[in-house]
Amino acid sequence: MRDLYFRGSQALQRQNFDYAMTFFTQALQREPGFLECRQALRAAQYKKSGGSTSFFKKIVGGAGLQPLIAKAQMTKGKNPREAMQIAEQILESDPSNSSAHKIIAECAMELDYPKTACFSYEILLKNSPRDYDLGMAYAEALARAGLIDKAESQYVDLQRLFPHRGEIGNAMKDLSARRTLDEGG
């Protein structure tokens, strides 16, 4: 995997995005929790796409990606690893596809790769910063990754945006208890 990652990194530096994506994808098929590789793959995908996609390309590309999204959704419960690979195929053509990032985040949580889930949730929250469910899922992923301070900050932000939601207060209490157990032994 290190060799694949190294070769992908070299290809990325040379701006040979297709080769970089191939090497990174191969490494992730073997080890889906390899976060640095996934981050490098995402960088290659964004650079290849030029950083943004036109509205027309999103509409046309989105229609063509629907079968893959449906396949990933159906596979998610039975084989989360395979669902992550299918979602990566979607992200090759549309690196900002929200459905694919959500599938990767949910599967990563199921496979106990919370940092990978955090990475996908961060991308999702850039597009939808006021999405309550995404915010809560991101905070849970942060807590499971051991990033208690960031999780607490996320809950505080959510409480400011949604003061009427009691679940946030309960989640903050659970997080506080988790912190006490971790620090106090």
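User: Why is there no bond between the sulfur of Cys37 and the closest cysteine sulfur?

Analyst: In this predicted model, the closest cysteine sulfur to that of Cys37 belongs to Cys107 and is 17 Å away. A disulfide needs the two sulfur atoms within 2.5 Å, so 17 Å is too far for a bond.

User: What rules out a bond for the sulfur of Cys118?

Analyst: The closest cysteine sulfur is again in Cys107, at 15 Å. Set against the limit of 2.5 Å, that is too far for a bond. A search of the whole structure finds zero disulfides.

User: Are Cys37 and Cys118 buried or exposed?

Analyst: Both are buried, because the cut-off is under 20% relative accessible area and the values are 0% for Cys37 and 3% for Cys118.

User: Why is the pair of Tyr5 and Phe34 called tilted?

Analyst: The count of aromatic pairs comes to three. In the pair of Tyr5 and Phe34, the ring centres are 5.1 Å apart and the planes stand at 50 degrees. The centres lie within 6.5 Å, so the rings pair; stacked needs under 30 degrees and edge-to-face over 60, so an angle of 50 degrees makes this pair tilted. The pair links distant parts of the chain, with Tyr5 in helix α1 and Phe34 in the loop between α2 and α3, 29 residues apart. Tyr5 and Phe34 also form one aromatic cluster together with Phe24.

User: How do you know whether Tyr5 and Phe34 count as buried or partly exposed?

Analyst: The cut-off for buried is under 20%. Tyr5 is at 26% relative accessibility, so it counts as partly exposed. Phe34 is at 17%, so it counts as buried.

User: What makes Tyr132 and Phe162 an aromatic pair, and of which kind is it?

Analyst: Their ring centres are 5.2 Å apart, with 75 degrees between the planes. The centres lie within 6.5 Å and the angle is over 60 degrees, so the pair is edge-to-face. Tyr132 lies in helix α8 and Phe162 in the loop between α9 and α10, 30 residues apart along the chain. Tyr132, at 10% relative accessible area, is buried; Phe162, at 14%, counts as buried too.

User: What sits over the ring of Tyr132?

Analyst: The charged end of Arg165 does, 3.9 Å from the ring centre. The distance limit for this is 6 Å.

User: How do you know that the span of α8 agrees with its 13 residues?

Analyst: At 1.5 Å a residue, α8 should span 18 Å, and its end C-alpha atoms are 19 Å apart, which agrees. At the N-terminal end, Asp131 caps the helix, with a side-chain oxygen 3.1 Å from the backbone nitrogen of Asp133. Gly146, which follows α8, has a positive phi near 85 degrees.

User: Which element gives the most to the largest nonpolar core?

Analyst: That core has 39 residues, and those with the most contacts inside it include Met136 and Tyr155. Among the elements that give two or more residues are α4, α7 and α10. Helix α8 gives the most, with eight residues. The buried residues of α8 include Leu134, Met136, Tyr138 and Leu142.

User: Why does Lys76 count as buried?

Analyst: Lys76 is at 16% relative accessibility, and the cut-off is under 20%, so Lys76 counts as buried. This residue lies in helix α4. Its side chain is joined to that of Gln73 by a polar contact of 3.1 Å.

User: Why does Gln39 count as partly exposed?

Analyst: Its relative accessibility is 36%, and partly exposed covers the range between 20% and 50%, so Gln39 falls in that class. Gln39 lies in helix α3. Its C-alpha atom is 32 Å from that of Thr180, a residue 141 positions away along the chain.

User: What is noted about the phi of Gln15 and of Asp112?

Analyst: Most residues other than glycine have a negative phi. Gln15 is not a glycine, yet its phi is positive, about 60 degrees. Asp112, also a residue other than glycine, has a positive phi near 65 degrees. Gln15 is in the loop between α1 and α2, and Asp112 in the loop between α6 and α7.

User: Why do Gln15 and Asp112 fall where they do between buried and exposed?

Analyst: Exposed means over 50%. Gln15 has a relative accessible area of 59% and is therefore exposed; Asp112, at 52%, also counts as exposed.

Technical notes. Residues numbered from 1 in each chain as written. Predicted model: local features only at pLDDT ≥ 70, side-chain atom pairs only at ≥ 80, totals over all residues. Heavy atoms only, no water. Buried < 20%, exposed > 50% of the residue type's maximum accessible area, 1.4 Å probe, protein only. Helix = DSSP H or I, 4+ residues; strand = E, 2+ residues; numbered from the N terminus. Phe/Tyr/Trp six-rings, centres within 6.5 Å; stacked < 30°, edge-to-face > 60°. Lys NZ or Arg CZ within 6 Å of the ring centre and 35° of its normal. Expected span 1.5 Å × (residues − 1). Polar contact = N/O pair within 3.5 Å; in protein donor to acceptor, adjacent residues only side chain to side chain. Core = buried A, V, L, I, M, F, W, Y, C linked by side-chain atoms within 4.5 Å.
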